[in-house]
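Good morning, colleagues. Please bring up the sequence and the model together, and keep both in view while I speak.

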Amino acid sequence: MAEKAPRHALLRVSPAGWAAVLETRPEWRAEPLLAHWAERGWPLVARRRGECEAGGGIAAGLPLPPAAGKRRIAVLLPGEAVTEIRSPLPLAEALPAAPPDWRPVLEALLALGVEHGVTPRVFGSLAWAALTGLDYLGPASDLDLLWPALPPPRMEGLLAALAGIEDRAPMRLDGEVLRPDGSGANWRELQAGGAEILVKGADGVALHPRAAFLGVAEAA
């Protein structure tokens, strides 16, 4: 039985557990994609718990594709409904779902990961397109990336290279750098080099010294 999951983790939900969740929200049962989401083997994603969400359960969600209204669905899953917790999707596995004009940038990002010995991962539209086969991507879609935090000298090099890749990208690069504890900061904010950065954790968002955020990776 799962009790918690880190932000951005992919959650497999049993069909019976998902049906029980839908029973609490009758308005969702008429949406064909939601009604059969778990039966198709599609995951949900672990998210930060909202300020008004009390009680137990794993905070999770999913976005419907644009053709289904692009509505964001937020739920609290009972632990017994979650059958598997996986890391976010590696960028390499999402490559087949990407538009052709994205491919050179994605290859450059994969090469950057190899250079620094890390695995870039994706969330957002590209990840959902790859996980479900549905059409989540449009002309204005961002590429949402997750990078593990590295010791400061290496992290600075990765961030500088990432900014250089974005300069020639046909899409906006967004996403986070994640610490070992699952908290994360926007890569662009880290790259800007300010003294304080906004850090998102499982229980909220707060300002932290940039040096302290990167220092966790240095000590890991």
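I shall speak about the nonpolar core, the two main pockets, one helix and a few individual residues.

Please bear in mind throughout that this is a predicted model.

Let me begin with the interior. In general, nonpolar side chains in soluble globular proteins tend to be buried together. Here, the largest nonpolar core comprises 69 residues. Trp-18, Leu-77, Leu-109, Leu-126 and Leu-143 are the residues with the most contacts inside that core. I shall take two of them in turn.

With residues up to four places away in sequence left out, Trp-18 touches Val-13, Leu-34, Ala-35, Trp-37, Ala-38, Leu-44, Leu-62, Val-75 and Leu-77.

Leu-77 belongs to strand S4. Is Leu-77 buried or exposed? Its relative accessible area is 0%, so Leu-77 is buried. Beyond its neighbours within four places in sequence, Leu-77 is in contact with Leu-11, Val-13, Trp-18, Val-21, Leu-44, Gly-57, Ile-58, Ala-60 and Val-82. For a sense of distance, consider Tyr-136, which is 59 residues from Leu-77 along the chain. The C-alpha atoms of these two residues are separated by 24 Å.

Close in sequence to this part of the chain is a serine that deserves mention. Ser-14 sits in the loop between strand S1, residues 10-13, and helix H1, residues 15-23. Ser-14 counts as buried because its relative accessibility is 19%, and the cut-off for buried is under 20%. Neighbours within four places aside, the contacts of Ser-14 are Ala-38, Ala-81 and Thr-83.

I turn now to the pockets. What is the volume of the largest pocket? The value is about 1100 Å³. Its lining is made up of 43 residues, and those nearest the centre are Arg-72, Phe-123, Gly-124, Trp-128 and Asp-144. Several elements give two or more residues to this lining, including strand S2 (44-46), strand S4 (72-77), strand S7 (121-123), helix H5 (124-132) and strand S11 (196-201). Which element provides the largest share? That element is H5, with five residues. By character, the lining divides into 21 nonpolar, 10 polar and 12 charged residues.

The second largest pocket has a volume of about 310 Å³. There, 17 residues form the lining, with Lys-4, Ala-5, Arg-47, Ala-202 and Asp-203 nearest the centre. Five of the lining residues are nonpolar, four are polar and eight are charged.

Let us return to helix H5. Why may H5 be described as largely enclosed by the rest of the structure? The reason is that seven of its nine residues are buried. They are Gly-124, Leu-126, Ala-127, Trp-128, Ala-129, Leu-131 and Thr-132. Of these, Leu-126 was named earlier among the residues with the most contacts in the core, while Gly-124 and Trp-128 were named among those nearest the centre of the largest pocket. Just after the helix, Gly-133 takes a positive phi of about 80°.

Further along, Ser-141 occupies the loop between H5 and strand S8, residues 143-148. Ser-141 counts as buried because its relative accessibility is 10%. Apart from residues up to four places away in sequence, Ser-141 touches Trp-102, Ser-125, Tyr-136 and Met-171. Ser-141 and Ile-58 are 83 residues apart along the chain, and their C-alpha atoms are separated by 28 Å.

Two backbone details follow. His-8, in the segment before S1, has a phi near 75°, a positive value in a residue other than glycine. Lys-70, in the loop between S3 and S4, also has a positive phi, of about 60°, although it is not a glycine. Their surroundings may be set side by side: His-8 is buried, with a relative accessible area of 10%, whereas Lys-70 counts as exposed, at 59% relative accessibility.

Finally, a word on annotation. An unreviewed UniProt entry assigns residues 91-210 the annotation "domain: Phosphoribosyl-dephospho-CoA transferase MdcG C-terminal". Over residues 91-210, the chain is 42% helix and 25% strand. The end C-alpha atoms of that stretch are 26 Å apart.

Thank you for your attention.

How values were computed:
Residues are numbered from 1 along each chain as its sequence is written. This is a predicted model: local features need pLDDT of at least 70, side-chain atom pairs count only at pLDDT 80 or more; totals for chains, interfaces and linings use all residues. Side-chain values use heavy atoms; hydrogens and water are left out. A nonpolar core is a set of buried Ala, Val, Leu, Ile, Met, Phe, Trp, Tyr and Cys residues joined through side-chain atoms within 4.5 Å. Buried means under 20% relative accessible area, exposed over 50%, partly exposed in between (1.4 Å probe, protein chains only). Contact means heavy atoms within 4.5 Å. Helices (H or I, at least four residues) and strands (E, at least two) are DSSP runs, numbered from the N terminus. On a 1 Å grid over the protein atoms alone, a cavity is a set of points where a 1.4 Å probe fits but cannot get out, and a pocket is an open set with protein on both sides within 12 Å along at least five of seven lines; lining residues have an atom within 4 Å of a point. Grid points are joined across faces, edges and corners, and a volume is the space filled by probe spheres set on the points. Ala, Val, Leu, Ile, Met, Phe, Trp, Tyr, Cys and Pro count as nonpolar, Asp, Glu, Lys and Arg as charged, and the others, Gly among them, as polar. UniProt positions are given in the numbering used here, feature names are shortened, and annotations may be inferred rather than shown by experiment.
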